[in-house]
Amino acid sequence: MTVATGVGPDPVDDVVEVVSRLIRFDTSNTGELDTTKGEAECAQWVAAQLEDVGYQVEYLESGAPGRGNVFARLAGADSSRGALLIHGHLDVVPAEAADWSVHPFSGAVEDGYVWGRGAVDMKDMVGMMIVVARQFRRAGIVPPRDLVFAFLADEENGGRYGSHWLVDNRPDLFDGVTEAVGEVGGFSLTVPRRDGGERRLYLIETAEKGLQWMRLTARGRAGHGSMVHDHNAVTALAEAVARLGRHRFPLVPTDTVMQFLTAIGEEAGHSFDADSPDLEGAIEKLGPIARIVKATLRDTANPTMLKAGYKANVVPAIAEAMVDCRVLPGRQAAFEAEIDELIGPDVTREWVTDLPSYETSFDGDLVDAMNSALLAVDPDARTVPYMLSGGTDAKAFARLGIRCFGFTPLRLPPELDFSALFHGVDERVPVEALRFGADVMSRFLTHC
């Protein structure tokens, strides 16, 4: 460790208990203001942890009561350098306790794991942020540049009451910030090597697909269900939804995805051909991570909700559907053209949520610092870029021109199906992965 000793708990030792405590706050985000709970209580606890060691903390509720956010800044040695934002969200998706092996908000530490909703999405990172921030203050560590720690609400519902509200209403909180690190990156993927051994690749998120929720609306003539209807809104909508749901958008391997696949090929001794008709089949052999990678090869539009009518014998005048669209960088115009052709002239569309894609290059001093921190703890590490099929709060910060990366360092057991844990039953994070992450994060922020 690069931190001073004998000044409070070592973050490596402290992180497991902190993550367990965070999970015990039920911060379930239902998407509805009247049923979302716990964010404020959790945020106030986080603020107290930082204030306890001398941080000047700003707690603010963004746009609605109870949607708590916390900011703290640690001054760096070189004020002329751009600040680094380290961000994590406090909310989680809901969980049905009856489906779990342990209670999802118990924060149980059992069998080498910390269990509970948010263990990997993303109270693991929040815990690392807290323990490292506290240790830096206790030990009097001055980082190379200003660090801004942000603990945010509402990421699981698009950030309307969190990151996007803050960017729109409190841009001063991000003064001087040029780069950011957040969730869904920095975790290890163990791949076979050509010599029969194994290599741990650490996936740094440098790109995200766009996250766009689309409402489709069909309009017809209302009438009695016993009559013949040539302009039935339900029929028009159902046909459009069926065409859209069955459609396969074209394969578009981006630079980020091909860099990732090239790295795996170099380790394993085979190549992934971007022009191969069976590229997806080759990726399938990667194991569980293939779920994420295959979703970054093409745009997707998945119908998720239908709404029409109010009585069985009444043909409604309006029918609506919701579609979850995820669009690759550089594909927005082509994607919308395909959508319009598929739904036809009798159905209209509108974006309910419109968070564009994001992509940056895998280079620069910050990437070098991530690589060095990982190598210091895991000498066999290799960092590689990858694209996330989902979305994070980075979409909001990119609007301010901030260069964003996903970096939540975790050394994972090769057999763990990590991607299945996000929003899944029995979400959990290995104890040793948390300890590893706190160590790497401390080294990274000391030399960023």
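How do the residues of the lining of the second largest pocket divide into nonpolar, polar and charged? They divide into 16 nonpolar, 5 polar and 4 charged. Here Ala, Val, Leu, Ile, Met, Phe, Trp, Tyr, Cys and Pro count as nonpolar, Asp, Glu, Lys and Arg as charged, and the others, Gly among them, as polar.

## Basis of the model

This is a predicted model, in which local features need pLDDT of at least 70 and side-chain atom pairs count only at pLDDT 80 or more, while totals for chains, interfaces and linings use all residues. Residues are numbered from 1 along each chain as its sequence is written, and side-chain values use heavy atoms, with hydrogens and water left out.

## Domains

The domain assignment splits the protein chain into domain 1 (15-184 + 392-446) and domain 2 (212-355). Such bounds come from an automatic or database domain assignment. The centres of the two domains, taken over C-alpha atoms, are 31 Å apart. Contact between them involves 7 residues of domain 1 and 5 residues of domain 2. Contact means heavy atoms within 4.5 Å.

## The largest pocket

The largest pocket has a volume of about 1200 Å³. A pocket is found on a 1 Å grid over the protein atoms alone, as an open set of points with protein on both sides within 12 Å along at least five of seven lines; a cavity is a set of points where a 1.4 Å probe fits but cannot get out; lining residues have an atom within 4 Å of a point. Grid points are joined across faces, edges and corners, and a volume is the space filled by probe spheres set on the points.

The lining of the largest pocket holds 42 residues. L211, W213, D324, R326 and H423 lie nearest the centre. By class, the lining has 15 nonpolar, 14 polar and 13 charged residues. Domain 1 and domain 2 both contribute to this lining, so the largest pocket lies between them. At least two lining residues come from each of α4 (163-169), β10 (210-219), α8 (290-294), β12 (300-308), β14 (318-327) and β15 (347-355). Helices (H or I, at least four residues) and strands (E, at least two) are DSSP runs, numbered from the N terminus.

## The second largest pocket

The second largest pocket has a volume of about 430 Å³. Of its 25 lining residues, L189, T190, V191, L286 and I289 are the closest to the centre. Two elements, β8 (187-192) and α6 (255-268), give two or more residues to this lining. The largest share, 6 residues, comes from β8. Both domain 1 and domain 2 supply lining residues, so the second largest pocket also lies between them.

## Cavities

The whole structure holds 3 cavities of 30 Å³ or more. The largest cavity has about 50 Å³ of space. Its lining is V120, D124, E183, V184, G185, F187, T408, L410, F418 and F422. By class, that is 6 nonpolar, 2 polar and 2 charged residues.

## The four-stranded sheet

An open sheet of 4 strands runs in the order β12-β14-β10-β15, with antiparallel pairing. β12 and β15 are the edge strands, each pairing on one side only. Neighbouring strands are turned by 20° against each other on average, direction ignored. Two strands pair if DSSP finds at least two bridges between them.

β10 and β15 pair over 8 bridges. One of these partnerships sets M214 against W351 in β15. Helix α9 (residues 332-343) lies across β10, β12, β14 and β15, at about 150° to β15. Axes are lines fitted to C-alpha atoms, for helices over the stretch in contact, and angles run from 0 to 180 degrees between N-to-C directions.

## The three-stranded sheet

The order β4-β5-β19 makes up an open, antiparallel sheet of 3 strands. Its edge strands are β4 (109-110) and β19 (428-430). β5 (residues 113-115) joins β19 through 3 bridges, and V114 has V429 as its bridge partner in β19.

Two helices lie across this sheet. Helix α1 (residues 11-23) lies across β4 and β5, at about 15° to β5. Helix α12 (residues 431-446) lies across β4, β5 and β19, at about 65° to β19.

## Backbone details

A cis peptide bond joins D121 and M122, with omega of about -10°. M122 sits in the loop between β5 and α3 (123-139). D154 has a positive phi of about 70° although it is not a glycine. D154 belongs to the loop between β6 (147-152) and α4.
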